[in-house]
Amino acid sequence: FLGQTIQARVQQAQALRKASVDANTHKQSAIMDVNADAVSNCVQDAQCCALIHGHTHRPAIHPLPSLEATRYVVGDWHPKHAKYLRWSATGFEMAEFC
């Protein structure tokens with residue numbers, strides 16, 4: 001791999017990333033996300049109202065009404081942009097910088 005030109009390596013990396021993204025769009029959310037029972041146990045054990053964790057290929061804000069809590073899934077980071085969780089006067093919100 002290292003014997004290839006940088007351009008060839010970048011092209012190969014981009015192709016692999018695209019294939020990964022394409023494959024993830026067709027996978028069931030059950031294998032792309034966290035276990036619901038584990039989330040419930042974690043929130044109950046910590047007696048918290050917010051659970052924040054790294055990306056699971058399904059970044060979003062997930063209300064957990066039965067637990068009176070919210071799960072925040074932060075997206076992944078790329079060289080030119082990144083998703084993050086920001087606190088504002090209205091609470092947590094998902095944001096992105098480029």
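In which strand is I52 found? In this predicted model, the residue belongs to strand β1, and a look at the overall fold helps to place that strand among its neighbours.

The protein chain contains three helices and five strands. Read from the N terminus, the elements follow the order α-α-α-β-β-β-β-β, so the helices precede the strands. Of the 98 residues in the chain, 22% are buried. The accessible surface amounts to about 7200 Å², and carbon and sulfur atoms account for 57% of that area. When contacts between residues at least 6 apart in sequence are considered, 21% of them join residues at least 24 apart.

Helix α3, which spans residues 36-46, offers a good starting point for a closer view. Its buried residues are V39, S40 and V43. These three cover an arc of only 100 degrees around the axis, and they therefore sit on the same side of α3. The spacing fits a simple rule: an α-helix has 3.6 residues a turn, so residues three or four places apart point the same way. On the other side of α3, the exposed residues are D37, D45 and A46.

What do the buried residues of α3 pack against? Their partners are three strands, namely β1 (50-53), β2 (60-64) and β3 (69-73). Both ends of the helix also have features worth a glance. At the N-terminal end, N35 acts as a cap, with a side-chain oxygen 2.8 Å from the backbone nitrogen of D37. After the helix comes Q47, which has a positive phi, near 50 degrees.

Strands β1 and β3 each hold a residue that merits attention. In β1, I52 has a relative accessibility of 43% and therefore counts as partly exposed, since that value lies between the 20% and 50% cut-offs. Together with W87 and F92, I52 makes a nonpolar surface patch of about 330 Å².

Is R71, which is located in strand β3, buried or exposed? Its relative accessibility is 6%, so R71 counts as buried, the limit being under 20%. The side chain of R71 is also joined to that of H53 by a polar contact of 3.0 Å. R71 in β3 thus combines a buried position with a polar partner, whereas I52 in β1 is partly exposed and contributes to a nonpolar patch.

Notes. Residues are numbered from 1 along each chain as its sequence is written. This is a predicted model: local features need pLDDT of at least 70, side-chain atom pairs count only at pLDDT 80 or more; totals for chains, interfaces and linings use all residues. Side-chain values use heavy atoms; hydrogens and water are left out. Buried means under 20% relative accessible area, exposed over 50%, partly exposed in between (1.4 Å probe, protein chains only). Helices (H or I, at least four residues) and strands (E, at least two) are DSSP runs, numbered from the N terminus. The arc is that of the directions from the helix axis to the C-beta atoms. Contact means heavy atoms within 4.5 Å. A polar contact is a pair of N or O atoms within 3.5 Å; within protein, one must be able to donate a hydrogen and the other to accept it, and residues adjacent in sequence count only if both atoms are side-chain atoms. Patches are made of residues with over 30% relative accessible area and no salt bridge: like charges are joined within 9 Å, nonpolar side chains (Val, Leu, Ile, Met, Phe, Trp, Tyr) within 5 Å. Accessible areas come from the Shrake-Rupley method with a 1.4 Å probe; for residues, only the protein chains shown count as cover. A salt bridge is a side-chain nitrogen of Lys or Arg within 4 Å of a carboxyl oxygen of Asp or Glu.
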